[in-house]
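Trainee: Could you take me through one part of this model in close detail? I'd like to see how a single stretch of it sits among the rest.

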Amino acid sequence: MLRQPQEKRTLNQNLMLASSSAFVAGITDVVGLLAFLAFTSNVTGHVANLAKNILQQNLNDIIIFVLWLLMFMIGSFTSNFIVQSLKHKSSYRAHSVPIILEIIVLLFVAIYGHKFYQETEIERKIVIGSLLFAMGLQNGLVSNISGGLIKSTHLTGLFTDLGSELADWLHPKTKESQIVKNKIYVRLTVLTFFIFGGLVGGYFFNIYEFKVFYFVPVILLTILYYDMLPVFFHKVYQVIYPTKTKITKN
């Protein structure tokens with residue numbers, strides 16, 4: 001999922017990245033909504049609230065919403081800056097570092113929420129900002145990897161793209177219908193797993209509360225280690241069958 005650059009990616013690789021990242025975004029968004037009454041995987045609602053508070057001249061809230069918007073943007077900036085800095089060394093390394101940062105942020109939220117959270121307003125604002133930064137990291141990364149095809153943390157643009165692509169697919173003058181169909185498969189996968197993640201997150205938050213955030217890094221770790229499995233199995237094969245490996249090399 002992480003090793004292949006956008007121009008060499010297969011449909012299956014994009015579907016796996018879309019499903020796993022959208023599942024994470026769905027969990028994070030619903031749990032953030034239940035815990036803090038705020039969306040934490042996108043910024044559309046925060047922009048509307050910013051405009052409302054500007055009209056009402058609520059300076060403190062204006063500052064908070066601006067900071068939240070910046071946290072999402074800084075997350076995306078950080079993700080893409082890391083990718084651009086490391087991709088000449090290794091696509092896998094460039095793509096894995098933002099996920100590691102996301103895991104660290106989500107673990108911070110899990111530990112703080114589970115052990116220390118006192119439900120004060122300042123704590124709420126800091127945790128929401130942290131989650132927006134994590135989702136900015138993820139959205140910037142998957143968009144970079146897929147060449148803009150996958151945006152796993154918000155659905156407004158997804159429905160716009162899906163509507164356009166359905167029109168292209170059904171139009172009689174469309175020539176490369178398989179390419180359009182593949183894009184539709186990816187959009188529907190993001191939508192399905194975002195909803196599924198939201199259902200899972202909401203159900204388990206009612207039982208375990210902030211402990212749910214311990215589960216999300218596990219999903220991200222599977223994304224990290226999925227690309228390493230072929231290397232792992234190859235090394236195991238070399239240990240078990242060293243003679244065959246040498247013969248193959250010769």
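**A close look at helix α5**

Mentor: Asparagine 139 is found in helix α5, so let's start there. This is a predicted model, in which local features need pLDDT of at least 70, side-chain atom pairs count only at pLDDT 80 or more, and totals for chains, interfaces and linings use all residues. Residues are numbered from 1 along each chain as its sequence is written, and side-chain values use heavy atoms, with hydrogens and water left out. Helices are DSSP runs of H or I with at least four residues, strands are runs of E with at least two, and both are numbered from the N terminus.

Asparagine 139 has a relative accessibility of 9%, so it counts as buried. Here, buried means under 20% relative accessible area, exposed means over 50%, and partly exposed is in between, with a 1.4 Å probe and protein chains only. Setting aside residues up to four places away in sequence, asparagine 139 touches Phe72, Lys151, Ser152, Thr153 and His154. A contact here means heavy atoms within 4.5 Å.

Glutamine 138 also lies in helix α5. Its relative accessibility is 3%, so glutamine 138 counts as buried too. Apart from its neighbours within four places in sequence, glutamine 138 is in contact with Ser21, Val24, Ala25, Glu102, Ser152, Thr153 and Leu220. One of these partners shows how the fold brings distant parts of the sequence together: alanine 25 is 113 residues away along the chain, yet the C-alpha atoms of glutamine 138 and alanine 25 are separated by 8.6 Å.

Now for the helix as a whole. Of the 25 residues of α5, 21 are buried, so the helix is largely enclosed by the rest of the structure. Its length agrees with expectation, because at 1.5 Å a residue α5 should span 36 Å, and its end C-alpha atoms are 36 Å apart. The expected span is 1.5 Å times one less than the number of residues.

What comes just before and after α5? Glutamate 119 is found in the loop between α4 (91-115) and α5. Glutamate 119 has a positive phi of about 65° although it is not a glycine, and at a relative accessible area of 67% it is exposed. On the other side, α5 is followed by glycine 147, whose phi is positive, near 70°.

Next, a packing partner. Two packed helices are described by the angle between their axes and the distance between the axes. Helix α5 (residues 121-145) packs against helix α3 (residues 59-86) at an angle of about 35°, with their axes 7 Å apart. The axes are lines fitted to C-alpha atoms, for helices over the stretch in contact, and angles run from 0 to 180 degrees between N-to-C directions. The crossing of α3 and α5 is right-handed: the near helix is turned clockwise from the far one by less than a right angle, whereas anticlockwise would make it left-handed. The residues of this contact divide into 12 nonpolar, 11 polar and two charged. In that count Ala, Val, Leu, Ile, Met, Phe, Trp, Tyr, Cys and Pro are nonpolar, Asp, Glu, Lys and Arg are charged, and the others, Gly among them, are polar.

The loop leading from α2 (44-56) to α3 holds glutamine 57. Glutamine 57 has a positive phi of about 60° although it is not a glycine, and its relative accessibility of 68% makes it exposed.

For a second helix pair, look at α1 (residues 11-36) and α7 (residues 177-208), whose axes come within 6 Å and cross at roughly 35°. That crossing is right-handed, and the contact has 19 nonpolar, nine polar and one charged residues. Asparagine 14 is found in α1, is buried with a relative accessible area of 10%, and has Val186 among its contacts. The 32 residues of α7 reach 45 Å from the first C-alpha to the last, close to the 46 Å expected. Just after α7, glutamate 209 takes a positive phi of about 55°.

Finally, the setting for all this. The protein chain has 10 helices and zero strands. Buried residues make up 43% of its 250 residues. Among contacts with a separation of 6 or more, 73% join residues 24 or more positions apart. Along its principal axes the C-alpha trace spans about 75 × 55 × 35 Å.
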